[in-house]
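Trainee: I should be grateful for a close look at the part of this model that surrounds the ligand, with the annotated region and the local backbone geometry treated alongside.

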Amino acid sequence: MSQKALVLESAKAPFVVKSIPIPKPGPGQILVKVLACALNPVDFVVQARDIFPNVTYPTVLGLDVAGDVEELGEGVEGYAKGDRVFFAAVYTLNNGGFQQYTLKTIADSDIGKIPPQISYSEASSIPLTFATAAIPLLSANPVGCGLNPTFDPKVSFNGEAALVIGGGTSVGQFAIQIFKYVGFSTIITYASSKHSDYLKSLGATHVIDRTDVSFSALPEAVKAITPLPIKNIYLAIIVAPEAFDAGYACLAHGGQMATANPTPPKPDDAEATGRKIYGVFASTQIEPNIEFGKAMWKNLPKLMEERIIKPNRVEMLIPNGLAEVPDALQRFMSGGVSGVKLVVNPQETT
Ligand SMILES: NC(=O)c1ccc[n+]([C@@H]2O[C@H](COP(=O)([O-])OP(=O)(O)OC[C@H]3O[C@@H](n4cnc5c(N)ncnc54)[C@H](OP(=O)(O)O)[C@@H]3O)[C@@H](O)[C@H]2O)c1
């Protein structure tokens, strides 16, 4: 039996849609019929620059999968054919998301069942970017800020203020919701004002318009909103060094800044001023994130069901499924996508 897949034959090669065999699930694995796969900046960067030495070619990219369990490998428990699942995939030929059927090794730190009221495309917007916000904000020191490593519903930072730089990004939208979940009273975000109503619906209390206020003017704009010291910040913009500087300048002495940058800078005066910076590779399949990943995946479906964590707004790639992905990644990386997650349904590939 064969399927359609978007294959990278070799490093930096163009994407090509081709027929490849549907893999068989081995022990501990499930075969998933992929009904939605969200696009991420890293898909573009891996194709264009071959940044991960452990990727072997040919390979299939696509990290955020939602679909139906099609077949169970030997020894798999807790899943049945037809279950709706979502998870972060892996960049290999049999495990990537940009194909019609993919294999997933079952682990309790990185897969969940999709709540009934959430669509496949919505579910696919969550795994990687939720983890990118959640791990450095919630997990215990020294990995993260330690705001709530066990998802204890009693944790509350009531009366405190937080800042999300880049609230319009997929990651930033989850950072806003996480700050709300752990009870911050004031949640300021720096994003395009065209997304104000939406970001407020996620929990932002104030939106500073990024098209009007420069990064260097951000500390003053934050001070104009709240006299509270900003002890907790999430930085979702990592390509602009001035975004880091702005965040650091807003951060109270003794405060902590979580960032989407896996290797953030450490300013010279960080230790003397007690300011801590946390950045991680947002995989719950690798140490030191596995224990936190178990707590995250245990709680995430329930938080989605209760609408405490809402998926990103999605834009489906139509009409030709996987064949639309290369152009969509270009559009994405040239700044042509704002406040939505691009999602492909590989089954629509002709
Ligand atoms: N550490 C990890 O393992 C990991 C994992 C996943 C992602 N990441 C990184 O996290 C970052 C965010 O990823 P993402 O997928 O969430 O991004 P995204 O959704 O693709 O980001 C697009 C958004 O960026 C916003 N934006 C662009 N420039 C901005 C600026 N100067 N100020 C404020 N907002 C700005 C735009 O906002 P407007 O709508 O306002 O135009 C746009 O909506 C990326 O750099 C990504 O590489 C890291």
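Mentor: The UniProt record, an unreviewed entry, places the feature "domain: Enoyl reductase (ER)" at residues 6-344. In this model, which is predicted, the chain over residues 6-344 is 27% helix and 25% strand. The end C-alpha atoms of that stretch are 11 Å apart.

Turning to the ligand, 26 residues surround it, and the closest are Val171, Ser192, Arg210, Ala260 and Ser338. By residue class, the shell around the ligand divides into 15 nonpolar, ten polar and one charged. Ala260, one of the closest residues, also takes part in a polar contact: a backbone N or O atom of Ala260 lies 2.7 Å from a nitrogen atom of the ligand. Val280 offers a polar backbone atom as well, and that atom is 2.8 Å from a nitrogen atom of the ligand. At Ser170, a backbone N or O atom lies 2.9 Å from an oxygen atom of the ligand. As for burial, the ligand on its own has 930 Å² of accessible area, of which the protein covers 82%.

The elements that give two or more residues to this shell are helix H3 (127-138) and helix H4 (170-181). The largest share comes from H3, with three residues. At the level of domains, the shell draws at least three residues from domain 1 (2-125 + 311-348) and at least three from domain 2 (129-279).

Away from the ligand, an open sheet of three strands deserves a description. Its order is E2-E1-E4, and the pairing is antiparallel. The edge strands, each pairing on one side only, are strand E2 (15-21) and strand E4 (59-60). Strands of a sheet pair through backbone hydrogen bonds, either parallel or antiparallel. Here strand E1 (residues 2-8) pairs with E2 in the antiparallel sense over seven bridges. Within that pairing, Lys4 has Ser19 in E2 as its bridge partner.

Several backbone details are found in the loops. The loop between E1 and E2 contains Lys12, whose phi is near 65°, a positive value in a residue other than glycine. Pro58 has its place in the loop between helix H1 (41-49) and E4, and the peptide bond from Tyr57 to Pro58 is cis, with omega near 0°. A cis peptide bond also leads from Glu287 to Pro288, with omega near 5°. Pro288 is found in the loop between strand E14 (276-279) and helix H9 (290-305). These details merit attention because most residues other than glycine have a negative phi, and most peptide bonds are trans.

Definitions and conventions. Residues numbered from 1 in each chain as written. Predicted model: local features only at pLDDT ≥ 70, side-chain atom pairs only at ≥ 80, totals over all residues. Heavy atoms only, no water. Near = heavy atom within 4 Å. Polar contact = N/O pair within 3.5 Å; in protein donor to acceptor, adjacent residues only side chain to side chain. Areas by Shrake-Rupley, 256 points an atom, 1.4 Å probe, with all protein chains shown as cover. Helix = DSSP H or I, 4+ residues; strand = E, 2+ residues; numbered from the N terminus. Nonpolar A, V, L, I, M, F, W, Y, C, P; charged D, E, K, R; others polar. Domains from an automatic or database assignment. UniProt positions renumbered as here; feature names shortened; annotations may be inferred. Pairing = 2+ DSSP bridges.
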